[in-house]
Amino acid sequence: CDDLGIQFTDIIYENLWFTLNFITISRPERRNAFRPQTVKELMRAFNDARDDSTIGVIIFTGKDTTEYGGPLLNTEVQHSVGVIQPNTKSVSDGCRVPQAFCSGGDQALRGKDGYADYDNFGRLNVLDLQVQIRRLPKPVIAMVAGYAVGGGHVLHMVCDLTIAADNAVFGQTCPKVGSLDAGYGRLWFVRCGVWNNVAHVDDHKLSKADKGENIKRNSKHSPYKKARFYDASEAEKMGLVNTVVPKALKRAPYTLLQWKLSLTGDFLFVKQLAKLEQETVKWCREIMRNSPTAIRVIKSALNAVDDGHAGLQELAGDATLLFYGTEEGNEGKTAYIQQRPPNFAKFPRRP
Ligand code: 1HA
């Protein structure tokens, strides 16, 4: 439930140690694909975490989808249907990645005007969520195990940091399903030199020799230009993820007693977490040791150029926030309330 007591159906919203929030997309039967309702719930949860002054960092993740693994496909079949070849070294079941951060928009609900679930019109409301995460004055960390593809890939990219399990697989499936995200999705591709979509689509039409040439051409442009999907270590090299964690294990079930103990000694609780979560929490703790205001201003400054006037507004808003806390700022307001001229002469005009 959120603070208004509304039951979430598509996400899980949890608090850890009163300072971190986990926001988890929970549609495992669809590899955590989002529908309009999912996005509405995510926006509500992110808003709640923003408003809660005890929360310093938000961890954004996807529910473990392992139980919806389905039958295994052999590598040849995967190739023929265009499914990606994951990092097989790290997954116990051979050639299939059973987990997902998010597989993008739910294609079964896509109509001519966007994605529709309970309404008789479509929405592209994930675009609002992307903006919301960018403007949120607290760090948002994407914790990625398995697939982060299509709109799910973009969601991890708009987060401030990404901690990935070594079975993570990244890529933009959009053109393959007749979609495109030319907004924030493109931003990091340009930054990291990821050339993905066109090759992904064209590759199917090319002969074997041409395919080789295509790949060579890509690598000639830049070692970072990637066609098709890429795994966690490649994503790390491209600067798309901050670190890769060796194993994506499920979080061990914990009892109420352990949970209570964790409130007194968090070490006990950390022991209950999977490696991926442990590493993510470690990063969160490092962030939490820093000045929240410095983190806030740095986030808005980092995003300001790419976000244009909206980015500048965010940064300027931080300046206003800080100025309101000064004696000089306060003098103007006090003078107005006291109906006297303000005395700004006493304040230094610094070089
Ligand atoms: O581009 C945009 C937007 C652009 C602008 C504005 C708004 C946008 C909003 C959204 C998007 C997009 O996200 S477009 C890209 C949509 N996503 C995809 O193209 C990914 C589709 N999924 C896959 O390629 C694969 O499922 C997978 C690589 C993630 C996983 O493969 P795997 O492990 O073989 O699982 P699979 O059997 O394919 O999937 C398990 C179940 O989940 C299947 O259902 P089932 O047959 O068991 O009933 C599958 O249909 C379902 N599923 C997975 N992803 C989606 C999905 N169902 C609907 N939509 C999905 N995205």
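**Entry 1. The largest cavity**

I began with the residue classes around the largest cavity of this predicted model. Its lining divides into one nonpolar, three polar and five charged residues. I then looked up the residues themselves: Arg134, Arg135, Lys299, Ser300, Asn303, Asp307, Ala310, Gly311 and Glu314. Helix H3 (126-135), helix H12 and helix H13 (308-324) are the elements that give two or more residues to this lining. The space in the largest cavity comes to about 50 Å³. I also noted the total, which is two cavities of 30 Å³ or more.

**Entry 2. The second largest cavity**

I turned next to the second largest cavity, which holds about 30 Å³ of space. Its lining consists of Arg134, Arg135, Leu136, Pro137, Arg296, Lys299, Ser300, Glu314 and Asp318. By class I recorded two nonpolar, one polar and six charged residues. Which element supplies the largest share of this lining? I found that H12 does, with three residues. H3, H12 and H13 each supply at least two residues here.

**Entry 3. The second largest pocket**

I moved from the cavities to a pocket. The second largest pocket contains about 570 Å³ of space. I recorded 24 lining residues for it, and those nearest its centre are Cys159, Asp160, Leu161, Asn242 and Leu302. By class, the lining has 13 nonpolar, five polar and six charged residues.

I then looked up where the lining of this pocket comes from. At least two residues each are supplied by helix H4 (151-158), strand E9 (161-165), helix H5 (184-192), helix H11 (275-288) and helix H12 (292-304). H12 gives the largest share, five residues.

**Entry 4. The chain as a whole**

I next took stock of the protein chain, which has 14 helices and twelve strands. Of its 351 residues, 45% count as buried. I also looked up the contacts with a separation of 6 or more: residues 24 or more positions apart account for 67% of them.

**Entry 5. The nonpolar cores**

I asked which residues have the most contacts inside the largest nonpolar core. They are Ile23, Phe46, Phe60, Ile133, Leu155 and Phe170, in a core of 41 residues. Helix H1 (residues 36-51) contributes the largest share of this core, five residues. Apart from this core I found another, of 16 residues, including Val57, Ala145, Leu161 and Ala165. Leu161 had already appeared in Entry 3, among the residues nearest the centre of the second largest pocket.

I followed Leu155 further. Setting aside residues up to four places away in sequence, Leu155 touches Ile25, Phe34, Phe60, Phe101, Cys102, Val126, Leu129, Gln130 and Ile133. Of these partners, Phe60 and Phe101 belong, together with Phe46, to one aromatic cluster.

**Entry 6. Aromatic pairs**

I searched the whole structure for aromatic pairs and noted five. The ring centres of Phe8 and Tyr13 are 6.3 Å apart with the planes at 80°, so I entered the pair as edge-to-face. Is Phe8 buried or exposed? Phe8 is buried, because its relative accessible area is 11%, which falls under 20%. Tyr13 also counts as buried, because its relative accessibility is 17%.

The pair of Phe344 and Phe347 is tilted, at 6.4 Å centre to centre and 50° between the planes. Phe344 is partly exposed, with a relative accessible area of 35%. I entered Phe347 as buried, since its relative accessibility is 12%.

**Entry 7. The surroundings of Tyr13**

I closed with Tyr13, which is found in strand E1 (residues 11-16). Which residues is Tyr13 in contact with, leaving aside its neighbours within four places in sequence? I listed Phe8, Asn21, Phe22, Ile23, Ala45, Asp48 and Ala49. Ile23 is also one of the residues with the most contacts inside the largest nonpolar core.

For a last comparison I took Ala310, which lines the largest cavity. Tyr13 and Ala310 lie 297 residues apart along the chain, and their C-alpha atoms are separated by 28 Å.

Methods:
Residues numbered from 1 in each chain as written. Predicted model: local features only at pLDDT ≥ 70, side-chain atom pairs only at ≥ 80, totals over all residues. Heavy atoms only, no water. Core = buried A, V, L, I, M, F, W, Y, C linked by side-chain atoms within 4.5 Å. Buried < 20%, exposed > 50% of the residue type's maximum accessible area, 1.4 Å probe, protein only. Helix = DSSP H or I, 4+ residues; strand = E, 2+ residues; numbered from the N terminus. Contact = heavy atoms within 4.5 Å. 1 Å grid on protein atoms, 1.4 Å probe; cavity = no way out; pocket = protein on both sides within 12 Å on 5 of 7 lines; lining within 4 Å. Points joined across faces, edges and corners; volume = space filled by probe spheres on them. Nonpolar A, V, L, I, M, F, W, Y, C, P; charged D, E, K, R; others polar. Phe/Tyr/Trp six-rings, centres within 6.5 Å; stacked < 30°, edge-to-face > 60°.
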